[in-house]
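This report covers the annotated segments, the annotated binding site, the nonpolar cores and one pocket of a single protein chain.

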Amino acid sequence: MNNVIRAFLLTLFAGLSTGIGSAIAFYAKKTNTKFLSVSLGLSAGVMVYVSFVELLSKSMEILSNALGAKLGSFLSIISFFAGVFLIALIDKLVPSEGNPHEMQRVEKIRESGEVEGKLLRTGFLTAVAVAVHNFPEGFAAFASALQEVSIAIPVVVAIAIHNIPEGIAVSVPIFYATGDKKKAFLYSFLSGLSEPLGAAIFYLILFPFVNDLVIGVIFACIAGIMVFISIDELLPSAREYGEHHLSVYGFVTGMAVMAFSLLAFV
């Protein structure tokens, strides 16, 4: 039960980091593009490294022990691409105008000249999109936290970092449409709650059936989800927010941080 509480709290932290984005949006006159570029690159580096070096390799090990080397490795690879397909499908179903991973700058939205109704609609669409995107992330954070705290903490931090721009994307349009900081923060806050909701659903529905086979499949699916998020969302956003090299430096730093943090737990 202590592991479950710890996993849930870590997932809650990741989800509610959208509120940090809201605070930045309210009080920053200009987006700190260099900070966001490095941060998003770092988040992508953490996710990619842990996906291939830890999650996928552990999945193959667990499934190979359960099913044999050939069948176990095959199931692990299938599960990895199933995770990629799942998050790609979710991304495809989200309207492009409400996609939370499109680049959002505070000053750009402030000066856009869009009518209040359109801004409000954009904010609401983005809140729904963030909630949909965050659901499988909550599932991933919770499942990893239940099994390996050494993996879970950097994964949760990476997810939290990439949720900051999502908070900006939700709160800024609503704030400039209504002038109400509380309402803008509330919708940003609620969109982040889908991550602990994903964790709760995983615990209530799947947890009673968890065994080595299920854990192996889940680890590979999580790896696929995080690799897709990194390549499709985090790295492109990081490059657009700042200089190309900043995103690369952040990416390499994220991999290095992940590598040495894993060694610390060996």
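## Annotated membrane segments

Residues 184-207 are 92% helix and 0% strand, with the C-alpha atoms at the two ends 35 Å apart. For residues 213-234 the figures are 100% helix and 0% strand, and the end C-alpha atoms lie 30 Å apart. The model is a predicted one.

Both stretches carry the feature "transmembrane region" in an unreviewed UniProt entry, which also places that feature at residues 35-56, 68-90, 151-177 and 246-265.

## Annotated binding site

The unreviewed UniProt entry gives the feature "binding site" at Glu 137, His 162 and Glu 166. These positions gather at one spot, because no two of their C-alpha atoms are more than 13.3 Å apart although they span 30 residues in sequence.

Glu 137 is part of helix α6, and His 162 belongs to helix α7, which runs over residues 149-178. Is Glu 137 buried or exposed? Its relative accessible area is 2%, so Glu 137 is buried, the cut-off for that class being under 20%. His 162 also counts as buried, at 2% relative accessibility. Apart from residues up to four places away in sequence, Glu 137 touches Ile 159, His 162, Asn 163, Glu 195 and Ile 229. One of the annotated positions, His 162, is thus among the contacts of another, Glu 137.

## Surroundings of Ile 159

Ile 159, a contact of Glu 137, lies in helix α7. With a relative accessible area of 2%, Ile 159 is buried. Which residues does Ile 159 contact, leaving aside neighbours within four places in sequence? They are Ala 14, Ser 43, Met 47, Glu 137, Ala 141 and Glu 195.

Ile 159 and Ile 229 are separated by 70 residues in sequence, and their C-alpha atoms are 9.9 Å apart in space. Both residues appear in the list of Glu 137 contacts.

## Nonpolar cores

The largest nonpolar core contains 43 residues, and Met 47, Leu 55, Phe 142, Ile 222 and Met 226 have the most contacts inside it. Two or more residues come from each of α1 (2-16), α3 (33-67), α4, α6, α7, α9, α10 and α11 (244-264). Helix α10 gives the largest share of this core, 13 residues.

Phe 142 is in contact with Val 4, Ala 7, Phe 8, Thr 11, Ala 199, Phe 202 and Tyr 203, when its neighbours within four places in sequence are set aside. A second core, separate from the largest, has 6 residues, including Val 170, Ile 174, Phe 175 and Ala 184.

## Second largest pocket

How much space lies in the second largest pocket? The volume is about 190 Å³. Its lining has 15 residues, of which Leu 86, Pro 136, Phe 139, Leu 206 and Ile 225 are the closest to the pocket centre.

At least two lining residues are supplied by each of α4 (69-93), α6 (116-147), α9 (194-206) and α10 (212-241). Helix α9 contributes the most, with 5 residues. By class, 13 of the lining residues are nonpolar and 2 are polar, while no charged residues are present in the lining.

Terms used:
Residues numbered from 1 in each chain as written. Predicted model: local features only at pLDDT ≥ 70, side-chain atom pairs only at ≥ 80, totals over all residues. Heavy atoms only, no water. 1 Å grid on protein atoms, 1.4 Å probe; cavity = no way out; pocket = protein on both sides within 12 Å on 5 of 7 lines; lining within 4 Å. Points joined across faces, edges and corners; volume = space filled by probe spheres on them. Helix = DSSP H or I, 4+ residues; strand = E, 2+ residues; numbered from the N terminus. Nonpolar A, V, L, I, M, F, W, Y, C, P; charged D, E, K, R; others polar. UniProt positions renumbered as here; feature names shortened; annotations may be inferred. Buried < 20%, exposed > 50% of the residue type's maximum accessible area, 1.4 Å probe, protein only. Contact = heavy atoms within 4.5 Å. Core = buried A, V, L, I, M, F, W, Y, C linked by side-chain atoms within 4.5 Å.
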